[in-house]
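Subject: Structure for your review

Dear colleague,

Please find below the structure that I was asked to pass on to you. My notes on it follow directly after.

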Amino acid sequence: MFQLGKTIVSEEIIENDFVCNISACKGACCVDGEAGAPLEDEETKILDEIYDKVRPYLRAESIAVIEEQGTFVKGLDGEWETPLVNGAECVYVTFNDDGVAMCGIEQAHKDGEVDWKKPVSCELYPVRVKQYSEFSAVNYHKWHICDDACTLGKELQVPVYKFVKNALIRKFGAEWYNELEAVAGQLKT
């Protein structure tokens with residue numbers, strides 16, 4: 001672990017390789033698990049604001065859950081998250097013709113309907129950020145459903161932090177990311 005500003009960063013994001021292999025996992029991270037995608041406070045407001053524009057991209061069962069529970073819910077851990085359909089996939093998940101989980105929010109963004117791409121936690125995955133009162137912990141989340149992503153990352157020699165570069169910059173800023181790269185360079189020598 002090392003400190004960058006007000007973050008404590010796990011060296012695992014530098015030491016491990018990762019590149020999503022969506023054709024192998026079919027987007028399982030959006031479908032499997034016990035909770036929805038973690039949301040920041042300001043993201044809950046965004047979800048409410050963009051829902052009407054995202055709604056046409058969603059499945060009927062997702063719309064039913066959102067209309068019953070709302071665009072976000074409080075999870076068992078007391079944190080905000082996306083609701084789930086039948087205790088499984090995120091309500092914002094859609095499926096393409098090959099059965100691959102896609103993000104309805106992201107599709108609306110690509111089509112120019114909304115300015116917001118998706119929750120930062122989704123874009124950061126497999127990096128997870130836990131906010132504490134004085135600092136944020138930045139960790140690598142290992143999950144068996146991502147074994148193919150780890151294999152592909154190793155083949156392509158792409159460390160986790162480089163795979164999620166844009167998301168890390170979105171979350172912490174370019175200066176923070178540049179400092180992370182400097183630390184990574186020191187650790188690799």
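K118 touches E43, C103, I105, E106, E123 and R170, leaving out residues up to four places away in sequence. Please bear in mind throughout that this is a predicted model. K118 lies in the loop between α5 and α6. Is K118 buried or exposed? Its relative accessibility is 15%, and the limit for a buried residue is under 20%, so K118 counts as buried.

One of the contacts of K118 is E43, which leads to helix α3. E43 is among the buried residues of α3, together with T44, L47, I50, Y51 and V54. These buried residues are covered by several elements, including α4, β4 (80-81), α5 (104-110), α6 (120-124) and α9 (165-172). The length of α3 can be checked by a short calculation. At 1.5 Å a residue, its 14 residues should span 20 Å; the end C-alpha atoms are 19 Å apart, which agrees. Helix α3 also has a bend of about 35° at D48.

Helix α4, which covers part of α3, runs over residues 60-69. Its buried residues are S62, I63, V65 and I66. Why do they lie on the same side of α4? They cover an arc of only 160° around the axis, which puts them on the same side of the helix. They pack against α3 (41-54) and β5 (93-95). The exposed residues A60, E67 and E68 are on the face of α4 turned away from the buried side. After α4 comes G70, which has a positive phi, near 105°.

I turn next to the nonpolar cores. The largest has 26 residues, and I13, L168 and L180 touch the most other members. At least two residues of this core come from each of β1 (2-4), α1 (12-15), α6, β8, α8 (160-163), α9 and α10 (174-188). Which helix gives the most to this core? It is α10, with five residues. A second, separate core has 21 residues, among them I50, C103, I105 and V114. Of these, C103 and I105 are also contacts of K118, and I50 is one of the buried residues of α3.

Helix α10 deserves a description of its own. At 1.5 Å a residue, its 15 residues should span 21 Å; the end C-alpha atoms are 21 Å apart, which agrees. The buried residues in α10 are W176, Y177, L180, V183 and A184. They cover an arc of only 115° around the axis, which puts them on the same side of α10. On the other side of the helix, E175 and Q186 are exposed. The cover over the buried residues of α10 includes β1, β2 (7-9), α1, β8, α8 and α9. For L180 in particular, the contacts are F2, L4, V9, I13, I14, Y161 and L168, not counting residues up to four places away in sequence.

Strand β8, which is part of that cover, belongs to a hairpin. Strand β7 (residues 127-131) and strand β8 (residues 136-140) pair in the antiparallel sense over five bridges, and the hairpin has four residues between its strands. V127 stands opposite Y140 in β8.

P126 is in the loop between α6 and β7. Its relative accessible area is 0%, and buried means under 20%, so P126 is buried. What is P126 in contact with, leaving aside its neighbours within four places in sequence? The contacts are F18, N139, Y140, H141, V160, F163 and V164. Among these, H141 is 15 residues away from P126 in sequence, and the two are 5.3 Å apart in space, C-alpha to C-alpha.

The last residue in these notes is K171, in helix α9. Its relative accessible area is 26%, and K171 is partly exposed. Apart from neighbours within four places in sequence, K171 is in contact with E40, V120, L124 and V129. The C-alpha atoms of K171 and Y125 are separated by 12 Å, and these residues are 46 residues apart along the chain.

Yours sincerely

Definitions and conventions: Residues numbered from 1 in each chain as written. Predicted model: local features only at pLDDT ≥ 70, side-chain atom pairs only at ≥ 80, totals over all residues. Heavy atoms only, no water. Buried < 20%, exposed > 50% of the residue type's maximum accessible area, 1.4 Å probe, protein only. Arc of directions from axis to C-beta. Contact = heavy atoms within 4.5 Å. Expected span 1.5 Å × (residues − 1). Bend = angle between axes of the 7 residues up to and from the residue. Pairing = 2+ DSSP bridges. Core = buried A, V, L, I, M, F, W, Y, C linked by side-chain atoms within 4.5 Å.
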